[in-house]
Amino acid sequence: IEFLLLLAVLATLTVEGLFILRPAVEKFKQADKLKNEFISIASHQLRTPLTSIKWVAERMLKKESLSEKGREQTSDIMTSMKELSSLVDLLLNVSRLNTGKINTKPESIELVSWVKSLIDECAPICDKRNLKISFHHSAEFVRAKTDKGALRNIAQAILSNAMEYTSAGGKIEVMLKSVPQRFVLTIRDNGVGIPKKEQNQFLFQKFHRASNAEKMKPGGTGLGLYIAKQATELLGGKIWFESEEGKGSIFYVELPLESKEIKGQKLLS
Ligand code: ADP
């Protein structure tokens with residue numbers, strides 16, 4: 001009888017629990033839907049005026065009659081516009097991923113030169129922040145068939161984090177290794193690292209940031225790793241990391257040498 005009573009109490013609690021929890025879950029789903037809609041509208045609406053301002057600033061910079069001061073100020077506008085454009089691109093990609101209708105178009109890429117050119121793009125930031133960046137590869141050429149936009153999103157997110165969370169004088173090492181049917185891209189830094197208790201899969205979710213990163217760079221979005229993980233999975237690969245607070249982090253991305261094409265509606269930009 002006691003057992004039956006216990007069962008009855010448990011059943012009542014579960015039913016009540018469901019009644020209490022269901023509206024909360026619905027509310028949460030609704031809030032998430034609204035957030036996704038907001039991201040989609042904001043990113044699409046921001047794109048057009050941004051393009052116009054960038055176009056005008058570019059035209060102004062081409063004017064010979066522009067004074068020294070005017071040139072300096074217009075260059076500042078261009079720098080801020082570039083930052084804003086990358087943020088809008090990030091939001092646009094999140095909104096594309098939210099709809100779940102991403103397209104991938106694998107094409108042949110020689111990875112060694114591709115990674116080299118990505119590293120060259122980072123050189124100005126590394127120089128400015130006094131960071132040393134190096135590249136090691138296991139073979140002279142590594143050819144893969146993959147989606148360039150998705151791969152760029154993955155590599156850029158990890159590389160920009162390595163630069164962001166490493167203090168001046170630090171070191172970033174990029175490694176490319178090919179294994180049968182797959183290749184592994186590794187990015188190691190000797191930066192601030194991630195606190196042990198915050199090292200979990202949540203970091204790959206939207207808007208999640210570790211406490212030390214929030215202090216170091218209050219303006220971060222917490223979207224880079226989310227996009228990197230989604231893009232990695234679209235290409236049929238996996239992404240993970242190891243980190244020690246105060247010592248540095250190492251991010252690994254393992255991808256197939258040949259990714260399957262996905263027929264969706266939008267490519268990752
Ligand atoms: P953001 O850099 O804008 O915060 P991300 O999604 O790219 O967003 O990264 C999520 C979080 O993962 C960061 O806020 C930071 O806490 C942690 N993280 C990622 N890469 C590194 C790294 N190389 N070193 C230290 N922390 C990192």
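**Exercise 1. Decide whether glutamine 181 is buried, partly exposed or exposed, then place glutamine 181 in the fold and describe its phi.**

Solution.
Step 1. In this predicted model, glutamine 181 has a relative accessibility of 63%. The cut-off for exposed is over 50%. Glutamine 181 therefore counts as exposed.
Step 2. Now find its place. Glutamine 181 sits in the loop that joins β4 (171-179) and β5 (182-189).
Step 3. Turn to the backbone. The phi of glutamine 181 is near 70°, a positive value, and the residue is not a glycine. Most residues other than glycine have a negative phi.

**Exercise 2. Do the same for phenylalanine 207: give its exposure, its loop and its phi.**

Solution.
Step 1. The relative accessible area of phenylalanine 207 is 35%. Buried needs under 20% and exposed needs over 50%. Phenylalanine 207 is therefore partly exposed.
Step 2. The loop between β5 and α5 (211-216) holds phenylalanine 207.
Step 3. Phenylalanine 207 has a phi of about 70°, which is positive although the residue is not a glycine.

**Exercise 3. Describe the shell around the ligand: its residue classes, its nearest members and the elements that supply it.**

Solution.
Step 1. Count the shell. There are 19 residues around the ligand.
Step 2. Sort them by class. The shell has 9 nonpolar, 8 polar and 2 charged residues.
Step 3. Pick out the nearest. These are Asn161, Tyr165, Arg209, Ala210 and Leu225.
Step 4. Trace the elements. At least two shell residues come from each of α4 (148-164), α6 (224-234) and β7 (248-256).

**Exercise 4. Find the ligand atoms that pair with asparagine 161, aspartate 189 and leucine 225, then state how much of the ligand the protein buries.**

Solution.
Step 1. Start with asparagine 161. An N or O atom of its side chain is 2.8 Å from an oxygen atom of the ligand.
Step 2. Take aspartate 189. One of its polar side-chain atoms lies 2.9 Å from a ligand nitrogen atom.
Step 3. Take leucine 225. Here a backbone N or O atom lies 2.8 Å from an oxygen atom of the ligand.
Step 4. Finish with the area. The ligand taken alone exposes 530 Å², and the protein buries 98% of that.

**Exercise 5. Locate leucine 6, judge its exposure and name the patch it helps to make.**

Solution.
Step 1. Leucine 6 belongs to helix α1 (residues 2-62).
Step 2. Its relative accessibility is 52%, so leucine 6 counts as exposed.
Step 3. Leu6 joins Phe3, Leu4, Leu7 and Leu10 in a nonpolar surface patch of about 530 Å².

Terms used: Residues are numbered from 1 along each chain as its sequence is written. This is a predicted model: local features need pLDDT of at least 70, side-chain atom pairs count only at pLDDT 80 or more; totals for chains, interfaces and linings use all residues. Side-chain values use heavy atoms; hydrogens and water are left out. Patches are made of residues with over 30% relative accessible area and no salt bridge: like charges are joined within 9 Å, nonpolar side chains (Val, Leu, Ile, Met, Phe, Trp, Tyr) within 5 Å. Accessible areas come from the Shrake-Rupley method with a 1.4 Å probe; for residues, only the protein chains shown count as cover. A salt bridge is a side-chain nitrogen of Lys or Arg within 4 Å of a carboxyl oxygen of Asp or Glu. Helices (H or I, at least four residues) and strands (E, at least two) are DSSP runs, numbered from the N terminus. Buried means under 20% relative accessible area, exposed over 50%, partly exposed in between (1.4 Å probe, protein chains only). A residue is near a molecule or strand if one of its heavy atoms lies within 4 Å of it. A polar contact is a pair of N or O atoms within 3.5 Å; within protein, one must be able to donate a hydrogen and the other to accept it, and residues adjacent in sequence count only if both atoms are side-chain atoms. Ala, Val, Leu, Ile, Met, Phe, Trp, Tyr, Cys and Pro count as nonpolar, Asp, Glu, Lys and Arg as charged, and the others, Gly among them, as polar.
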